[in-house]
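Hi everyone, thanks for coming. Could you put the structure up on the screen, please? Then I'll walk you through it.

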Amino acid sequence: MTSYGGQPAARSGSRTHGLAIAGLVCGIVGFFFLNVILGPLAIIFGMVATRQSGAKGEHGMARASVVLGIVDLVIFAILMIVAANNGGFHWYVGS
């Protein structure tokens, strides 16, 4: 099946790897929620996407997800250090 320009519909100029997108989403969401879980997932997805992408320079998003995953783990470590120095986190419900 071809699209209006005569090129196949399944082809596009640049294809983005699905694992790179998944890693990027995990890295961004990990800033706010569950960074200890989503950070390593972002690193793993990014590393796999980097290895699977060709040498065409299509691995920028995969590298960004690896960096975001590392930042998520650093944020988690900082939060744990702050919690240890302040006697832990306390949740107050009600008055």
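Let's start at L34, which sits in the loop between α1 and α2. Please keep in mind that this is a predicted model. L34 has a phi near 50 degrees, a positive value in a residue that is not glycine. Is L34 buried or exposed? With a relative accessible area of 57%, L34 is exposed, because the cut-off for that word is over 50%.

Just before it in the numbering come two phenylalanines. The structure holds 1 aromatic pair, and F31 and F32 form it. Their ring centres are 6.5 Å apart, the planes meet at 75 degrees, and the arrangement is edge-to-face. As for their surroundings, F31 is partly exposed at 33% relative accessible area, while F32 reaches 65% and counts as exposed.

Now let me step back for the overall layout. The chain has 3 helices and 0 strands, so to read it from the N terminus you go α-α-α. Of its 95 residues, 21% are buried. If you take the contacts between residues at least 6 apart in sequence, 59% of them join residues at least 24 apart.

On to helix α2, residues 35–52. How far apart are its end C-alpha atoms? They are 25 Å apart, and that agrees with the 26 Å that 18 residues should span at 1.5 Å a residue. The buried residues here are N35, L38, G39, A42, G46 and A49. They cover an arc of only 105 degrees around the axis, which means they lie on the same side of α2. There is a general point behind this: an α-helix has 3.6 residues a turn, so residues three or four places apart point the same way. The face turned away from that buried side carries the exposed residues R51 and Q52. And what do the buried residues of α2 pack against? Their partners are α1, residues 18–29, and α3, residues 60–85.

That brings us to α3. This helix has 26 residues and reaches 38 Å from its first C-alpha to its last, close to the expected 38 Å. Buried in α3 are A62, S65, V66, L68, G69, D72 and A83, and the buried residues of this helix pack against α1 and α2. After α3 comes G87, where phi is positive again, near 85 degrees.

Two neighbours in α3 deserve a closer look. The one I'd point you to is D72, a residue of helix α3. D72 is buried yet has no salt bridge. Where is the nearest side chain of opposite charge? That side chain belongs to R63, and it is 18 Å away. Leaving aside neighbours within four places in sequence, D72 is in contact with C26, G27, G30, F31, N35, L38 and G39. You've met several of those names already: F31 belongs to the aromatic pair, and N35, L38 and G39 are among the buried residues of α2.

The other is L73, also placed in helix α3. L73 is partly exposed, with a relative accessible area of 31%. Not counting residues up to four places away in sequence, L73 touches N35, V36, P40 and I43. The C-alpha atoms of L73 and G27 are separated by 9.9 Å, although these two residues are 46 apart along the chain.

That's my tour. Thanks for listening, and I'm happy to go back to any part of it.

Key: Residues are numbered from 1 along each chain as its sequence is written. This is a predicted model: local features need pLDDT of at least 70, side-chain atom pairs count only at pLDDT 80 or more; totals for chains, interfaces and linings use all residues. Side-chain values use heavy atoms; hydrogens and water are left out. Rings of Phe, Tyr and Trp (its six-membered ring) pair if their centres lie within 6.5 Å; planes under 30 degrees apart count as stacked, over 60 as edge-to-face and the rest as tilted. Buried means under 20% relative accessible area, exposed over 50%, partly exposed in between (1.4 Å probe, protein chains only). Helices (H or I, at least four residues) and strands (E, at least two) are DSSP runs, numbered from the N terminus. The expected span of a helix is 1.5 Å times one less than its number of residues. The arc is that of the directions from the helix axis to the C-beta atoms. Contact means heavy atoms within 4.5 Å. Lys and Arg count as positive and Asp and Glu as negative; His and the chain ends are not counted. A salt bridge is a side-chain nitrogen of Lys or Arg within 4 Å of a carboxyl oxygen of Asp or Glu.
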